[in-house]
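Me: I should like a close look at a single part of this model, namely the side-chain pairings and their setting. Please give one connected account, beginning with the aromatic rings.

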Amino acid sequence: MDSKPQKQSLTNAFLAGGMAGISVDFILYPIDTLKTRLQSSAGFISSGGFRGVYSGFTSMAAGSAPSAAATFFSYEMMKNLLEPMVSEDYRSFTHVISACVGEVTGSLVRNPFEVIKQRAQVRAKRNVVMLWRETAKTEGLKGFYRGYGKTIMRDVPFAVIEYPLWEYFKTKWSKYQRRPIESWQSAICGTVAGGLAAAVTTPLDVLKTRVMLAERESTDAKGNTVMVLRSIWKTQKFRGLFSGLTPRVAWISLGGGIYFGVYEWCKIFLNKQTML
């Protein structure tokens, strides 16, 4: 017999998502910086090495809360809409669709901050304000959405793997113990789901990073997927396509635990307050 899906409060999902986004970025930002520098075509040392690992954090922090809030709001909204229409056996498909919508929405908010963050990570001598002004002056709005298509190419496949796995693990665990899972259990499910998704989608992350960091008139900056991948393969082979794999998997595995754990904790807390 199918279990009836429980509709989520979109307001609580929005608030919990914002808290989850800012929490994971603050804790794990240094690992993301090292990953970006490893993927930079300029090389790890030239891009800053181990210096200034919080470079660009203010840009990321400004975008992480609203983008995560938008992601979870859209995700839960689509789940509320689609889950009542299908049986429990097919709910994983609703999670796939919901994840796609959530990531596209979140990336639309996040991309400008992501561009500035990655440029600050490899150009540590320039502050965030200078980079915002420089990008606006030389590239306009288009510059802030440099690599947006590549971001979607990376994040949608990532979300299609991560979110359904997270939901699947939660469902199985909940059924096993015959009660709803707690936030720490959601965190463990998020860690496993995030690590698996991160490993599979690393080449897409490398592609996106190369496009975002490319010089304005360079071939990579034009964003031709085949040409950029061919260039990486020609010079570095598999090592290039999977550069930054270890910090990316470590960052996203830990981040998945924090992200989904904080989200679940905040959602449970807010739902209790709503019921009072």
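Reply: **Aromatic pairs and their surroundings**

The structure, which is a predicted model, holds 21 aromatic pairs. One of them joins F113 and W132: the ring centres lie 5.6 Å apart and the planes meet at 70°, so this pair is edge-to-face. The pair links distant parts of the chain, since F113 belongs to helix α3 and W132 to helix α4 (residues 128-138), with their positions 19 residues apart in sequence. The two partners fall into separate accessibility classes. F113 has a relative accessible area of 19% and is therefore buried, the limit being under 20%. W132, with a relative accessible area of 25%, counts as partly exposed.

Ring pairs also build a cluster, whose members are F72, Y75, Y163, W166, Y259, F260 and Y263. Y75 leads from this cluster to a histidine, as Y75 is among the residues touched by H95. H95 lies in helix α3 (residues 91-122) and, at 8% relative accessibility, counts as buried. Leaving aside residues up to four places away in sequence, the contacts of H95 are Y75, K79, E83, P164 and E167. Two of these contacts, K79 and E167, lead on to the charged side chains, because both appear in a network of salt bridges.

That network links E76, K79, E167, K170, E264 and K267. In general, side chains of opposite charge can pair when their charged atoms come close. Within the network, E76 and K267 meet through their side chains in a salt bridge, with a distance of 3.7 Å from N to O. E76 lies in helix α2 and K267 in helix α10 (residues 245-275), so this pair ties together parts that are 191 residues apart in sequence. Both E76 and K267 are buried. A further bridge of the network joins the side chains of K170 and E264, at 3.4 Å from N to O. This pair, too, links distant parts of the chain, with K170 in helix α6 (residues 148-177) and E264 in helix α10, 94 residues apart. K170 has 11% relative accessibility and is therefore counted as buried. E264 is also classed as buried, because its relative accessibility is 7%.

Another salt bridge connects E103 with R110, where the closest N and O atoms are 3.4 Å apart. E103 and R110 are both buried. Over the structure, the count of salt bridges comes to 12.

Helix α2 also contributes to the surface. F14, L15, F73 and M77 form a nonpolar patch there, with about 340 Å² of accessible area together. Helices α1 (10-39) and α2 (57-82) each supply at least two residues of this patch. M77 is one of its members and is placed in helix α2. With 35% relative accessibility, M77 counts as partly exposed, whereas E76 of the salt-bridge network is buried.

Beyond helix α6, which carries K170, comes a loop that leads to α7, and R178 is located in this loop. R178 has a phi near 60°, a positive value in a residue other than glycine. Most residues other than glycine have a negative phi. R178 is exposed, because its relative accessible area of 78% is over 50%.

Helix α7 (residues 183-200) has 18 residues and reaches 26 Å from the first C-alpha to the last, close to the 26 Å expected at 1.5 Å a residue. Its buried residues are S183, Q185, S186, A187, C189, G190, A193, G194, G195, A197 and A198.

These details belong to a chain with 10 helices and zero strands, which read along the sequence gives the pattern α-α-α-α-α-α-α-α-α-α. Of its 276 residues, 52% count as buried. Among contacts with a separation of 6 or more, residues 24 or more positions apart account for 77%. The accessible surface of the protein chain comes to about 13,700 Å², and 66% of this area belongs to carbon and sulfur atoms.

Definitions and conventions. Residues numbered from 1 in each chain as written. Predicted model: local features only at pLDDT ≥ 70, side-chain atom pairs only at ≥ 80, totals over all residues. Heavy atoms only, no water. Patch = residues over 30% accessible without salt bridge, like charges linked within 9 Å, V, L, I, M, F, W, Y side chains within 5 Å. Areas by Shrake-Rupley, 256 points an atom, 1.4 Å probe, with all protein chains shown as cover. Salt bridge = Lys/Arg side-chain N within 4 Å of Asp/Glu carboxyl O. Helix = DSSP H or I, 4+ residues; strand = E, 2+ residues; numbered from the N terminus. Buried < 20%, exposed > 50% of the residue type's maximum accessible area, 1.4 Å probe, protein only. Expected span 1.5 Å × (residues − 1). Contact = heavy atoms within 4.5 Å. Phe/Tyr/Trp six-rings, centres within 6.5 Å; stacked < 30°, edge-to-face > 60°.
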